[in-house]
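The following paragraphs explain how this chain is put together, moving from its overall architecture to individual side chains. Please keep the sequence and the structure in view while reading.

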Amino acid sequence: MKTRTFQCLLAAAAIFASGAAGAQDASGWQQEFGISSCNLVTQGRNPYFVLEPGYQLVLEGGDTKLQITVLDETKTVAGTATRVVEEREWKKGELYEVSRNYFAMCEQTKDVFYFGEDVDYYKKGKVVKHDGSWHAGVNGNKAGLIMAGTPKPKMKYYQEIAPGVAMDRAEIVSLGETCKTPAGTFSGCMKVKESSALDLLASEYKYHAPGIGLVRDEDLRLTRYGFIKDK
């Protein structure tokens, strides 16, 4: 856990009142989040995001399986202690991608910030590339917002701010969706449209359930969730 100094009490109060308030680019995408006014911690949860060691989500669909695990491990990125969240993806039963993502939560607002990732792509059991890897604080990269503590419809924000490498962004479409999955039916789900400033033609929809997290990612549906013994 890393504690940040409150630079301006009035600015902090404004941030807390609006939830992840900050500057926007010319297209209305938020890219400043008042992170310096936060007490950043490496675990916790907000309505749609669980950042607690041992928590795991498994989603499956077609020939693809995605496993997301909050590890009992931290990493310092750009001077900030972050929690490591591992994503493993299999295609046709073979390991395709492993990414180690670095998150920290604002203790006051419950906003979860994304400080980067290390990515390994596999082919026939061997690592073949690291496309999409980035760290905040390197080459002008900055932390993005992965999940707002108080999400609202029509919010538009950058999740990744790594020019030329990763510029994913999200727009909240709705907070009232119902999602049917093999793991159960969830109401009050948040529907998010994700896109990229690096590929304006690419977009996808994800759904997050209260108290659970990601339950649908395009054709993938939640099949299992909860805490595991092996973190």
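The secondary structure of this predicted model consists of one helix and 19 strands. The chain has 231 residues, and 47% of them are buried. Its accessible surface amounts to about 11200 Å², with 48% belonging to carbon and sulfur atoms. When contacts between residues at least 6 apart in sequence are considered, 48% of them join residues at least 24 apart.

In soluble globular proteins, nonpolar side chains tend to be buried together. Here, the largest nonpolar core contains 57 residues. The members that touch the most other members are Leu 40, Leu 57, Phe 103, Phe 113, Phe 115, Ile 212 and Val 215. For Val 215, leaving aside residues up to four places away in sequence, the contacts include Leu 59, Cys 179, Phe 186, Cys 189, Tyr 207 and Leu 222. Polar or charged partners of Val 215 also occur, among them Thr 181, His 208 and Arg 221.

Phe 103 leads from the core to the aromatic residues. The structure holds eight aromatic pairs. One of them is formed by Phe 49 and Phe 103, whose rings meet edge-to-face, at 5.5 Å centre to centre and with 90 degrees between the planes. Phe 49 belongs to strand β4 (residues 49-51) and Phe 103 to strand β8 (residues 94-106), so this pair ties together parts that are 54 residues apart in sequence. Both partners lie under the 20% limit for a buried residue: Phe 49 has a relative accessible area of 15%, and Phe 103 has a relative accessibility of 5%. Ring pairs also link Phe 49 and Phe 103 with Tyr 114 and Trp 134 in a cluster.

Rings also receive charged side chains. Lys 75 lies over the face of Tyr 102, at 5.7 Å from the ring centre. Lys 156 is placed over the face of Trp 29, at 4.7 Å from the ring centre.

Which cysteines are joined by a disulfide? A search of the whole structure finds one such bond, between Cys 38 and Cys 106, with an S to S distance of 2.3 Å. The torsion about this S-S bond is about -90 degrees, and the disulfide is therefore left-handed. The bond links distant parts of the chain, 68 residues apart: Cys 38 is in the loop between α1 (9-18) and β2 (39-41), whereas Cys 106 is in strand β8. Cys 38 and Cys 106 are both buried.

Why is Cys 179 not bonded to Cys 189? The sulfur of Cys 179 is 3.5 Å from that of Cys 189, its closest cysteine sulfur, which is too far for a bond; the cut-off for a disulfide is 2.5 Å. Cys 189 is accordingly in no disulfide. Cys 179 is buried at 4% relative accessibility, and Cys 189 is buried at 0%.

The backbone deserves a final look. Most residues other than glycine have a negative phi. Ala 78, however, has a positive phi near 55 degrees. Ala 78 is located in the loop between β6 (64-77) and β7 (80-91), and is partly exposed, with a relative accessible area of 47%. Lys 92 likewise has a positive phi, of about 55 degrees, although it is not a glycine. Lys 92 occupies the loop between β7 and β8 and is exposed, with a relative accessible area of 70%.

Conventions: Residues are numbered from 1 along each chain as its sequence is written. This is a predicted model: local features need pLDDT of at least 70, side-chain atom pairs count only at pLDDT 80 or more; totals for chains, interfaces and linings use all residues. Side-chain values use heavy atoms; hydrogens and water are left out. A nonpolar core is a set of buried Ala, Val, Leu, Ile, Met, Phe, Trp, Tyr and Cys residues joined through side-chain atoms within 4.5 Å. Buried means under 20% relative accessible area, exposed over 50%, partly exposed in between (1.4 Å probe, protein chains only). Contact means heavy atoms within 4.5 Å. Rings of Phe, Tyr and Trp (its six-membered ring) pair if their centres lie within 6.5 Å; planes under 30 degrees apart count as stacked, over 60 as edge-to-face and the rest as tilted. Helices (H or I, at least four residues) and strands (E, at least two) are DSSP runs, numbered from the N terminus. A charge sits over a ring if NZ of Lys or CZ of Arg is within 6 Å of the ring centre and within 35 degrees of the ring normal. Accessible areas come from the Shrake-Rupley method with a 1.4 Å probe; for residues, only the protein chains shown count as cover.
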